[in-house]
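Could you walk me through this structure, starting with its salt bridges and moving on to what is tucked inside and what sits on the outside?

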Amino acid sequence: MRLIQCRHEGRLTVGLVVDAESVQVVAAEAGVYGLARQAIAEGRPLSEVVEAALTETRLDYAALVDNGQLLPPLTHPDPAHWLVTGTGLTHLGSADTRSAMHAATLVDESTLTDSMRMFRMGVEAGKPGAGEVGPQPEWFYKGDGDCVVSPEAALPSPSFAQDAGEEPELAGLYVIGDDGTPWRVGYAVGNEFSDHVTERFNYLWLAHSKLRACSYGPELLVGELPAHLEGTSRIVRDGKTLWEKPFLTGEANMAHSLANLEHHHFKYRNFRRPGDVHVHFFGTATLSFADQVRVEPGDRYEIELPALGRPLRNTLEADADLGYAAAKPL
């Protein structure tokens, strides 16, 4: 089952993806968020709640795309209760990309970068057995719901950014139950969008490179995730492909299990606040930046994971905001 959210007749609307041409409207007063809260309260699978709420109305999928009506597939009515985070060095090959980006020399154990050491910990013990806890991954905070850009909308690059690089990722989408239990609603394609020049200068600036806009969707996969996922990341300039590369994700291609990554995120009590929405990016090993590509305003990012439906597309735009506002004393 794959779901979308869109604007229809001036209101937030949920649609069940029927095929590439149409979606079937789901009766939902508060979007996918409301459906998930209902499923949690009733102790039922989300798929059952959705099927019981299907209407006879169908919408033209292409028209929703062309008219800019798509929304992220899970949102919260209050952006402050919609947290966006992620983990890095989680995918097989990700440490090679990172180390190459930092031009590190890997001769023996004494010369390993901190990134490579962290990656090796994941490879050795990142998929623990039931009831066990593996090593914690690299973790970062991007922002709240105000940083999320809808599919097909423009991703703003701040004026202070030195790079506007895509990061094609799998994202987990969650709602916290009234008792503090995290519930995984499903998965979506994500573009985590980072400043790799800033990160390359010093990996301790990773957090600064991550405090940027991002996008995920347009479709939410409800149900079991395939262990092996193959996708394509692409940069399009003036209607022509500038750069394209396949990427792999899913647990079969990761150093950590999803359960271990989720544990190390939700182990913090303040990330189990009832009613909150969490969007968590699971990392990548494929970047156009690693191939010396510089994305420019007007270029379009296209990230495709066929198992998760329609590609995620966003166009880069320059943001005139200087990103600086001096605090004033009271």
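Glu296 is partly exposed, because its relative accessible area of 41% falls between the 20% and 50% cut-offs. Keep in mind that this is a predicted model. The side chain of Glu296 meets that of Arg237 in a salt bridge, at 3.9 Å from N to O. This pair ties together distant parts of the chain: Arg237 sits in strand 14, Glu296 is in the loop between strand 16 and strand 17, and 59 residues separate them. Arg237 is partly exposed too, with a relative accessible area of 22%.

Stay with strand 14 for a moment. Which residue forms a salt bridge with Arg234? That's Glu244, and the closest N and O atoms are 2.5 Å apart. Here the link runs from strand 14 (residues 229-237), where you'll find Arg234, to strand 15 (residues 240-249), which holds Glu244; the two are 10 residues apart. Arg234 counts as buried at 15% relative accessibility, whereas Glu244 is partly exposed at 46%. These two don't stand by themselves, either: Arg234 and Glu244 belong to a network of salt bridges with Arg300, Glu302 and Glu304.

The structure holds 18 salt bridges. Another one of them pairs Glu219 with Arg2, and the closest N and O atoms there are 2.4 Å apart. Once again the pair links distant parts of the chain, with Arg2 in strand 1 (residues 2-8) and Glu219 in the loop between strand 12 (214-216) and strand 13 (220-221), 217 residues apart. Is Glu219 buried or exposed? At 2% relative accessibility, Glu219 counts as buried. Its partner Arg2 is partly exposed, with a relative accessible area of 28%.

Now for the inside, and helix 8. Why can we call helix 8 (residues 258-266) largely enclosed by the rest of the structure? Because seven of its nine residues are buried. Those buried residues are Leu258, Asn260, Leu261, Glu262, His264, His265 and Phe266, so each of them has under 20% relative accessible area. As for what covers them, the list includes strand 6 (82-88), strand 7, strand 10 (168-176), strand 11 (182-191) and strand 16.

Strand 7 is worth a look of its own. It spans residues 138-144 and contains Gly143. Gly143 is buried, with a relative accessible area of 9%. Which residues does Gly143 touch, leaving aside its neighbours within four places in sequence? They are Trp82, Leu83 and Val84. Gly143 also shows how the fold brings together residues from separate stretches of sequence: Arg212 is 69 residues away along the chain, yet the two C-alpha atoms are 7.7 Å apart in space.

Thr286 is another buried residue, with a relative accessible area of 11%. You'll find Thr286 in the loop between strand 16 (277-281) and strand 17 (300-304). Not counting residues up to four places away in sequence, Thr286 touches Pro168, Trp243, Lys245, Pro246 and Phe247.

Thr315 takes us to strand 18 (residues 312-318). At 29% relative accessibility, Thr315 counts as partly exposed. With its neighbours within four places in sequence left aside, its contacts are Ala153, Ala154, Leu155, Gly298, Asp299 and Arg300. One of those contacts, Arg300, you've already met in the salt-bridge network. Thr315 and Asn191 are 124 residues apart in sequence, and their C-alpha atoms are 11 Å apart in space.

Finally, let's go to the surface. What makes up the nonpolar surface patch of about 480 Å²? The residues are Phe201, Tyr203, Leu204 and Trp205. Leu204 lies in the loop between helix 6 (196-201) and helix 7 (206-210). Its relative accessible area is 62%, so Leu204 counts as exposed, the cut-off being over 50%.

There's a charged patch to look at as well. Asp19, Glu21, Asp60 and Asp66 form a negative surface patch. Within it, Glu21 lies in the loop between strand 2 (11-17) and strand 3 (22-26). Glu21 counts as exposed, at 55% relative accessibility.

Conventions
Residues are numbered from 1 along each chain as its sequence is written. This is a predicted model: local features need pLDDT of at least 70, side-chain atom pairs count only at pLDDT 80 or more; totals for chains, interfaces and linings use all residues. Side-chain values use heavy atoms; hydrogens and water are left out. Helices (H or I, at least four residues) and strands (E, at least two) are DSSP runs, numbered from the N terminus. Buried means under 20% relative accessible area, exposed over 50%, partly exposed in between (1.4 Å probe, protein chains only). Contact means heavy atoms within 4.5 Å. Patches are made of residues with over 30% relative accessible area and no salt bridge: like charges are joined within 9 Å, nonpolar side chains (Val, Leu, Ile, Met, Phe, Trp, Tyr) within 5 Å. Accessible areas come from the Shrake-Rupley method with a 1.4 Å probe; for residues, only the protein chains shown count as cover. A salt bridge is a side-chain nitrogen of Lys or Arg within 4 Å of a carboxyl oxygen of Asp or Glu. Lys and Arg count as positive and Asp and Glu as negative; His and the chain ends are not counted. The place of a charge is taken as NZ of Lys, CZ of Arg, CG of Asp or CD of Glu.
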